[in-house]
Amino acid sequence: MRDTILTASIQTIIDYGLNGWTVDEVANKAKCAKGLVNYHYKSKHDLLIRCAETVASYRQARRMSALAGRVGAIAIDRLWAALILDVDEGWFGAWISVMSDNRLRRAAGLRYGVHSGQLAVLAAKALGETAQAIDESLLTATLDGLELALLGEADRASVEEAYHRFWVGLLDR
């Protein structure tokens, strides 16, 4: 039941953001009594911290999985597909929502670019053996910025072109 409640809580953030998040809505989505939410999580804040950690981990795992063991255009295209899914499925919106809450972000120990060093290593490998190291902050900021553009309903083809120009720029350094 604990995992069901966590999943329902994340889905509530995806659907309504933090402003629309309530324990009642989480219990409704989890198809359980409100008391079970309180039983499994010490407090509303405790549940939200766990949501923030899970959203961060999920997004990072999706990005790393897209690049892992792949090189060249296949890796870059798979990462683009992961970014699209992040936005389309609401995970990026949930991330923005939890990151916008200073108290929640600090309590969850989140920082911009969680585990971005590992992603930067995989990205450099994807570009090939001659590629220079990729600055992890630049990579994370670029990927998140592209997702933000997609979330803002920018023309997807234009955002994809910017994405590919970013990678070409890294190869030209």
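Q: What makes two residues count as in contact here, and which residues does Leu 47 touch, not counting those up to four places away in sequence?
A: Contact means that heavy atoms lie within 4.5 Å, and by that rule Leu 47 touches Ile 5, Leu 6, Ser 9, Trp 21, Val 26, Val 37 and Tyr 41, with residues up to four places away in sequence not counted. The model is predicted, so local features need pLDDT of at least 70 and side-chain atom pairs count only at pLDDT 80 or more, while totals for chains, interfaces and linings use all residues. Residues are numbered from 1 along each chain as its sequence is written, and side-chain values use heavy atoms, with hydrogens and water left out.

Q: Why is Leu 47 called buried or exposed?
A: Buried means under 20% relative accessible area, exposed over 50% and partly exposed in between, with a 1.4 Å probe and protein chains only; Leu 47 has a relative accessible area of 1%, and is therefore buried. Leu 47 is found in helix 4, where helices are DSSP runs of H or I with at least four residues, strands are runs of E with at least two, and both are numbered from the N terminus. The C-alpha atoms of Leu 47 and Ile 10 are separated by 9.6 Å, although these residues are 37 residues apart along the chain.

Q: Why is Thr 54 called buried or exposed, and what does its side chain reach?
A: Thr 54, which also has its place in helix 4, has a relative accessible area of 19%, and is therefore buried. Its side chain reaches the backbone oxygen of Arg 50 at 2.8 Å; a polar contact is a pair of N or O atoms within 3.5 Å, where within protein one must be able to donate a hydrogen and the other to accept it, and residues adjacent in sequence count only if both atoms are side-chain atoms. Leaving aside neighbours within four places in sequence, Thr 54 is in contact with Leu 6 and Ile 10.

Q: How do you know whether the span of helix 4 agrees with its 24 residues?
A: The expected span of a helix is 1.5 Å times one less than its number of residues; for the 24 residues of helix 4 this gives 34 Å, and because the end C-alpha atoms are 35 Å apart, the two agree. Helix 4 is followed by Gly 69, whose phi is positive, near 70°.

Q: How do you know whether the span of helix 5 agrees with its 17 residues?
A: Helix 5 (residues 72-88) should span 24 Å, and because its end C-alpha atoms are 25 Å apart, this agrees. Its buried residues include Ala 75, Ile 76, Leu 79, Trp 80 and Leu 83. Gly 90 follows helix 5 and has a positive phi, near 90°.

Q: Why is Lys 31 called buried or exposed, and what is its phi?
A: At 74% relative accessibility, Lys 31 counts as exposed. Lys 31 is found in the loop between helix 2 (23-30) and helix 3 (34-40), and its phi is near 55°, a positive value in a residue other than glycine.

Q: Why is Glu 153 called buried or exposed, and where is its place?
A: Glu 153 has a relative accessible area of 72%, and is therefore exposed. Its place is in the loop between helix 9 (136-151) and helix 10 (156-171), and phi of Glu 153 is near 65°, a positive value in a residue other than glycine.
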